[in-house]
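Q: Could you walk me through this structure, slowly, as I have not seen it before?
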Amino acid sequence: MHSIWAVAINTIKQALRIKVAVVFTILLIVLLPVLGITTTGDETLKGRLQTFVSYALSLTSFLLCLLTIIISIYSVTSDIEQKQIYTVITKPIRRFQLILGKLFGVIVLNTILLCLFSAIIYTITIYMPKFINVPEYELIEANNEFFTARASLNVPEVDVTREVTDRYKELDRRGELPANVPREEIITQLTQQAQLAKRAAGVGQVLLWDFDNVESLAENIFIKFKYDVSVSPPDSQVYGRWFAGDYQYFKYGTQSKTPIYDEMHKHSVRDFHEIEIPAEVVPEHGHLAVAFMNVPLNNVAIIFPPDGLEVLYKADSFGNNFIRAVLLILFRLIFLACLGILAASFLSFPVAILFCFVIFFTASFSGFVIESFGFLGENIGTIYSYSLKWLIQLLPQFDKFNPTKFLVPARLISWSFLAKCAVLMVCIKAFLILILSLIIFSYREIARITV
Amino acid sequence: MEYAVETFSLTKIFSDWWGRTKVYAVDNLDLKVRPNEVFGLLGPNGSGKTTTLKMLLGLLHPTKGKSLLLGGDGADPKINCRIGFLPEESYLYRYLNARETLDFYGRLFGLPAKVRKMRIEALLDMVGLKAVANRAVGTFSKGMARRIGLAQALINDPDLLILDEPTTGLDPIGTRQIKDLVLRLAERGKTILLCSHLLADVEDICDRIAIMYGGKIQTQGHVRELLQQTNKRQITTDAISDATVEKIKQLVREEDADCEVTSPMDKLETFFIRTVTAAQQQAQPTSGAVSTTKIGDFLTQHEAVESILDKLVSAPISKNASGEIPATEKVAAVESARPKADEQLLSKLTSASEPSESKAVRREIKTEPVESQPRRQEQARENILDKLTGGSGTKSQDKDKTEKPQAGDSGDA
């Protein structure tokens, strides 16, 4: 262990003294406050905070990723190329200990830098409202929709299979099925139509969502929604009457012990909006209903897009969520450190850097990459699914575990989500990569061939 | 353990990318180095010396054959604990300073902080770099880097020291110092395997040599046996009168032999060292090479080192008394005893100060022929050394050289 630690310390010294880490650190220390001052977002406080956190965290994460790749590769390849490894490896240290020492050093350095920068970002974020003169309602908005960590109630899937099957049979019976179209395609179309119908409210109609097993909450809940309309009204705004409360009250008209929320709002279309609802409306049995009524004032049908309605509640504080977001970045860095070590165990510095950058950028867009391969032609698709697909699956999904995706809309990063990321990215993928690099490094010849 | 270093048909073939044989770098090498031997591996550039060392240490995998260091695998940490290695160039971390460099290597050995610190200071003193200990080694001259390289090889007080071209880049005093160091270490029972093509250095210090060419050993044997001209005799005297010289010539002629009388020449090395020392003693300001000055510092501070080291030596630790008695054909091993004087001297010149290992070393007494050429040089060198060390070592050193057979009598330090 002492030798691993000695190598780790040496790696940290190297990173600092060859000034790579210093350059990155200074860059960030300058850039972060500048970002804090210059970002304006959509001119509201919330927008400003969101933009700052999003940019600052992405920038920090990106620069630290580059730093990790560079340091982890350089610390191994420079030892081999400049031959310091001759004197190190002939001391009582096993090769795997040397590699673990390097990795450990890179991770420790990363952790320190990440702590430093996230502390800066957090401080700027927290103090930003105090330095900017904003109206009271913007402060409240920021507190409700940014300085929090909210989870959403699960919107139950609307099951339309039966409807669709019935409709298909009916069409079939009437002989109205289009010719030359396979059954699956018709079913898909019918399903889409049926689902759309479930999300659309004609004038005077009511849409109802129900949420089961809702626990009683301490703080208010929020309905977040977006309207779509077939024809935009002149001022692009529509009225909506919103209800929330005991499900049985709405469904069966039974007397409700808890209050029922019932208010009229006017909101612009095609934007997300939130309505705050008192926590008391949640009934004791936990079966909550939220209903929307398209009031006759509108004179237009209103459709909720597929992700157009959510019921949010505060699940944790902003601070805790921020810590978990930083941990997500740390997992990413650990993975990259392992990747860098692997590349360095058999490639020279420039090639290893290139290799890691390719992996890094692919992993950053892995969702897009995986999706785009789904549209391959039949023949190539078969080849792909047996070869490249597995390799791409092995990539970490940086975009899926992107912390800004959660912090900007103040979404809860749950511990289970964090654990999933840790298991997938660190315990499985990074670990496999590390094992592979240890094997390669243990069996390769250290010395260069010179005769 | 019969041999400190042993190879069995060690072969290294370098192939090109297609796997076609390109070069036999080392070809069926059977090398045997006995414990407590200074073994010189000689050969022209590209004869496979360094490749052999790299294979011994596990930096290269042999194509065929195997090698043993101290009876084990050269890549085994247990064996590495007892080995010091100085590569053909001192490959150092440029961003560390001299002290940090040694500290890093000390940590790899897991030396306790206290021992590590003492050894580092003693080593820095020894190699004369104490004044620049806080400078990044990237700014060091080649000779200074070499000194740090040597210090890192000695930090664990190794039983087997492998030196690849140890004197390259060093000034004459540094070279002299390394040669003395090797001799002292050998006296303490250490084994030294060194690679060089600087023949003068090898001739001065090696017991046995092997000359390699084309990856094979062309010849090997004892230096003296290989070099001694048995058909000639040499007599060295003080400055005697011409009349006496004539008498001697007369005597020689009576034996029907030729005789040549000259004043012996100083070696340039000896002369150089004497000049620099004289300058140092007069405290003349120097505009000479930095490293030269540093050696002066080291040598003038010698006494202080001695006391530190002596303290260390007298510390009562004993861990791995292996009980092995290194034996060579011309040596009578004396059980469990070391000459006191010898030990002091040693501690002076080496940083090797851990008494634990030294306890395991049973002194070996060399009964080398005294008449040969190297002997004379040694005498001269000792005088220089004595001067440099302020005369403190004179007595013990003489004793060391001349009274070795009595070593068994003296008690443990």
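A: What follows goes through the chains, the cores, two helices and one residue.

A: This is a predicted model, in which local features need pLDDT of at least 70 and side-chain atom pairs count only at pLDDT 80 or more, while totals for chains, interfaces and linings use all residues. Residues are numbered from 1 along each chain as its sequence is written, and chains are lettered from A, with ligands numbered from 1, in the order in which they are written.

Q: Okay, how is chain A divided?
A: Chain A is divided into domain 1 (2–145 + 318–443) and domain 2 (200–315), with bounds that come from an automatic or database domain assignment. The C-alpha centres of domain 1 and domain 2 of chain A lie 40 Å apart.

Q: And how many helices and strands does chain B have?
A: Chain B has 16 helices and 10 strands, where helices (H or I, at least four residues) and strands (E, at least two) are DSSP runs numbered from the N terminus. Of the 413 residues in chain B, 43% are buried, a term for residues with 20 or more other C-beta atoms within 10 Å of their own (12 or fewer is exposed, in between is partly exposed, and C-beta atoms are placed from the backbone).

Q: How many residues does the largest nonpolar core have?
A: The largest nonpolar core has 156 residues, a core being a set of buried Ala, Val, Leu, Ile, Met, Phe, Trp, Tyr and Cys residues joined through C-beta atoms within 7 Å. Helix α10 (residues 318–346) of chain A gives the most to this core, with 19 residues. A second, separate core of 27 residues includes Phe225(A) and Tyr247(A).

Q: Which residues have the most contacts inside the big one?
A: They are Ile73(A), Cys338(A), Leu123(B), Ile148(B) and Ile192(B). Not counting residues up to four places away in sequence, Ile192(B) touches seven-odd partners that I list only in part, among them Val38(B), Phe39(B) and Leu161(B), where a contact means C-beta atoms, placed from the backbone, within 7 Å.

Q: Back to α10 of chain A, is Ile329(A) buried or exposed there?
A: Ile329(A), which lies in helix α10 of chain A, is buried, with 25 other C-beta atoms within 10 Å. Leaving aside neighbours within four places in sequence, Ile329(A) is in contact with Ser61(A), Leu114(A) and Pro403(A). The C-alpha atoms of Ile329(A) and Ser61(A) are separated by 6.4 Å, although these residues are 268 residues apart along the chain.

Q: Switching topic, which residues of α2(A) are buried?
A: In α2(A), the buried residues are Ala21(A), Phe24(A), Leu28(A), Leu32(A) and Gly36(A). They cover an arc of only 80° around the axis, which puts them on the same side of α2(A); the arc is that of the directions from the helix axis to the C-beta atoms.

Q: What do they pack against?
A: The buried residues of α2(A) pack against α1, α3 (45–81) and α5 (95–131) of chain A. The face turned away from the buried side of α2(A) carries exposed residues, including Val22(A), Ile26(A) and Thr38(A).

Q: Why is α6(B) described as largely enclosed?
A: Because 12 of the 16 residues of α6(B) are buried, this helix is largely enclosed by the rest of the structure. After α6(B) comes Gly189(B), whose phi is positive, near 95°.

Conventions
Contact = placed C-beta atoms within 7 Å.
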